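Trainee: Could you take a close look at one part for me, the strands and how they pair? Start with a single pair of residues and work outward from there.

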Amino acid sequence: MLKISIIENDHKRQVVLEGKLVAPWTNEVKNIGQEAAVDRDHRELIIDLRSVTAISADGEDVLLALMDQGARFRVSGVFMRQVLKHLSRRSRLAKGTSEREKA
């Protein structure tokens with residue numbers, strides 16, 4: 001089960017996730033990210049992962065896509081910090097590969 005709360009104001013859209021980020025809820029988070037990209041209104045997108053207890057490979061892929069969109073993350077605990085560190089490395093490697101392909 002995953003609880004998704006969205007808190008918005010003029011400057012930011014904060015998505016608070018609580019529970020397990022696994023299918024089928026990964027699709028919901030993906031849709032929220034796509035809506036935020038289209039309806040950005042110059043607001044910062046913040047994904048709060050402090051209450052996420054588990055994450056699947058699909059969940060990691062969704063977070064990676066959000067990271068590449070420019071989302072910021074709020075985390076706590078060793079587990080989620082390691083997940084984001086791993087995703088950050090994946091993002092940098094993917095960007096490096098695509099830049100080499102352009103050259």
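Mentor: Start at Arg-13, which stands opposite Leu-45 in E3. Keep in mind that this is a predicted model. The pair belongs to a longer match: nine bridges join E2 to strand E3, residues 44-55, and the two run parallel.

Now turn to the other partner of E2. Strand E1, residues 2-8, pairs with E2, residues 12-21. Here the sense is antiparallel, and there are seven bridges. Two pairs help you find the register. Lys-3 stands opposite Glu-18 in E2. Ile-4 stands opposite Leu-17 in E2. As you trace these pairs, recall a general point: in a regular strand the side chains alternate between the two faces of the sheet.

So much for the partners of E2. How covered is E2 itself, and how many of its ten residues are buried? E2 is mostly covered, with seven of the ten buried. For scale, buried residues make up 37% of the 103 residues in the chain.

Next, look at the turn. E1 and E2 form a hairpin, with three residues between them. One residue to pick out in that loop between E1 and E2 is His-11. Is His-11 buried or exposed? His-11 is exposed, because its relative accessible area is 63% and the cut-off for exposed is over 50%. Still, His-11 has partners further along the sequence. Leaving aside neighbours within four places, His-11 is in contact with His-42, Arg-43 and Glu-44. Glu-44 falls within E3, which spans residues 44-55.

Now leave E2 at its other end. Pro-24 is found in the loop between E2 and helix H1, residues 25-38. A cis peptide bond joins Ala-23 and Pro-24, with omega at about 5°. As background, most peptide bonds are trans.

Move on to the far partner of E3. E3 pairs with strand E4, residues 72-74, in the parallel sense over three bridges. One pair to mark there: Asp-48 has Arg-74 in E4 as its bridge partner.

That completes the strand pairs; now for the helix that follows. Helix H3 covers residues 78-102, and Ala-94 lies in it. Ser-91 is found in H3 as well. What sets the burial class of each? Ser-91 is buried, because its relative accessible area is 5% and buried means under 20%. Ala-94 is partly exposed, because its value of 45% falls between the cut-offs of 20% and 50%.

Which residues does Ser-91 touch, neighbours within four places left aside? They are Leu-64, Met-67 and Asp-68. Two of those names give useful distances. Ala-94 and Asp-68 are 26 residues apart in sequence and 10.0 Å apart in space, C-alpha to C-alpha. His-11 and Leu-64 are 53 residues apart in sequence, and their C-alpha atoms are 23 Å apart in space. Use those two distances to place the hairpin loop and the helix in your view.

Now put the strands back in their setting. The chain has three helices and four strands. Along the sequence, the pattern is β-β-α-β-α-β-α. The radius of gyration is 14 Å, close to the 13 Å that the globule rule gives for 103 residues, so the chain is as compact as a globular protein of that length. The C-alpha atoms fill a box of roughly 45 × 30 × 25 Å along the principal axes.

How many of the contacts span long stretches of sequence? Among contacts between residues at least 6 apart in sequence, 67% join residues at least 24 apart. The contacts of His-11 with His-42, Arg-43 and Glu-44 are a good place to begin if you want to inspect individual cases.

Finally, the surface. The chain exposes about 6,500 Å², and carbon and sulfur atoms supply 51% of that area. There are 18 positive and 15 negative side chains. The centres of the two sets lie 7 Å apart.

Conventions:
Residues are numbered from 1 along each chain as its sequence is written. This is a predicted model: local features need pLDDT of at least 70, side-chain atom pairs count only at pLDDT 80 or more; totals for chains, interfaces and linings use all residues. Side-chain values use heavy atoms; hydrogens and water are left out. Two strands pair if DSSP finds at least two bridges between them. The radius of gyration is taken over C-alpha atoms; the globule rule is 2.2 Å times the number of residues to the power 0.38. Buried means under 20% relative accessible area, exposed over 50%, partly exposed in between (1.4 Å probe, protein chains only). Contact means heavy atoms within 4.5 Å. Accessible areas come from the Shrake-Rupley method with a 1.4 Å probe; for residues, only the protein chains shown count as cover. Lys and Arg count as positive and Asp and Glu as negative; His and the chain ends are not counted. The place of a charge is taken as NZ of Lys, CZ of Arg, CG of Asp or CD of Glu.
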